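Grab a pencil and have a look at the structure below. We'll work through a few exercises together, one step at a time.

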Amino acid sequence: MFDEGLVDKEYITDKNFQKERQLLVTGKAGVYLSSWNIPAEYRELKQNVPDAKLVPLEPVATKYGKFGLYQEPPANRLIVFNKDMKDPKAAVQLLDWMIDKNWFDVRFGQEGVHYKMVNGVPQAIDAEKNKKEIIYAPEYAVLDQYSPKPEDFVIMAAQDPISQEYAKVQGESLQVAMKNKFRRDLPFNPTFPELSEIQTSFAPLAEEIETKVITGGAQYTPQWGLEQLRKEWKRLGGDNVDKQAQEWYQKNLKSN
């Protein structure tokens, strides 16, 4: 794909994803890997290319099986208290206050100003106003109970055509993610010091090898890349880490 020009030649250096975003909003991207929560990019895309249409892709399938999509939000916030804080009780009370019901106003703003309730769902009154005044607000809702259904997006969205069109795409995307069930035997991966250390050391080496395979032409074949990855993993002590991880899985599978 890279050799044929189907992958952007600058993807390696696009560390802040600005080139990637530019390709999307100008209508030059055919496949864009992202979550469905990109309202600003969608609005800009429609302004630049009115006929553009985003369609959620089904998970990849081959003769070996079908890929799955996470059907629960991944952990995305790390809440840390300073060990020297004067009033730990007050901090916990803040979290209790937030998770109870007050997260709602933090996330959606003021009723009558930023939203109105429609069938129990907060509907945006003015998309542009909300973009300026509360788009950052979910960052402050450190704990919340937000779990929209596919049909909720159209109700929540502002009534302008672009907001309504994007809301339908959001709903379709969530339906695609939820309809393909897949095994989730363990809720999390093993964690132990040796694994964390080897992952830190191995990640940049793996990225370098992967880049060579993708951009280096015929001399760097996928088979060569796999051999290099296995060699580096072994050199860093991967055999021992694999053994510890296997023991962890066996122990936790039995306990579950």
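Here come four exercises, each with a worked solution.

This is a predicted model, where local features need pLDDT of at least 70 and side-chain atom pairs count only at pLDDT 80 or more, while totals for chains, interfaces and linings use all residues. Residues are numbered from 1 along each chain as its sequence is written, and side-chain values use heavy atoms, with hydrogens and water left out.

**Exercise 1.** Find the residues of the largest nonpolar core and say which helix gives the largest share.

*Step 1.* A nonpolar core is a set of buried Ala, Val, Leu, Ile, Met, Phe, Trp, Tyr and Cys residues joined through side-chain atoms within 4.5 Å. Buried means under 20% relative accessible area, exposed means over 50%, and partly exposed is in between (1.4 Å probe, protein chains only).

*Step 2.* The largest one here has 12 residues: Met98, Trp103, Phe104, Phe108, Tyr115, Val121, Ala141, Phe153, Met156, Ala157, Ala167 and Leu174.

*Step 3.* Two or more residues each come from helix 3 (88-108), helix 5 (152-156) and helix 6 (161-179). Helices (H or I, at least four residues) and strands (E, at least two) are DSSP runs, numbered from the N terminus. Helix 3 wins, giving four residues, the largest share.

**Exercise 2.** Work out how helix 2 (residues 39-48) and helix 6 cross.

*Step 1.* Their axes come within 10 Å and cross at roughly 125°. Axes are lines fitted to C-alpha atoms, for helices over the stretch in contact, and angles run from 0 to 180 degrees between N-to-C directions.

*Step 2.* That angle makes helix 2 oblique to helix 6. Angles under 35 degrees count as roughly parallel, over 145 as roughly antiparallel, 65 to 115 as roughly perpendicular, and the rest as oblique.

*Step 3.* Who touches whom? Pro39, Tyr42, Arg43 and Lys46 of helix 2 meet Ile162, Ser163, Glu165, Tyr166 and Val169 of helix 6, where contact means heavy atoms within 4.5 Å.

**Exercise 3.** Locate Asn119 and decide: is Asn119 buried or exposed?

*Step 1.* Look in the loop between strand 3 (115-118) and strand 4 (121-124).

*Step 2.* Asn119 has a positive phi of about 55°, although it isn't a glycine.

*Step 3.* With a relative accessible area of 72%, Asn119 is exposed.

**Exercise 4.** Describe where Glu197 sits and how far apart Glu197 and Leu236 are.

*Step 1.* Glu197 is in helix 7 (residues 193-215), and Glu197 is exposed, at 54% relative accessible area.

*Step 2.* Glu197 and Leu236 are 39 residues apart in sequence and 9.5 Å apart in space, C-alpha to C-alpha.
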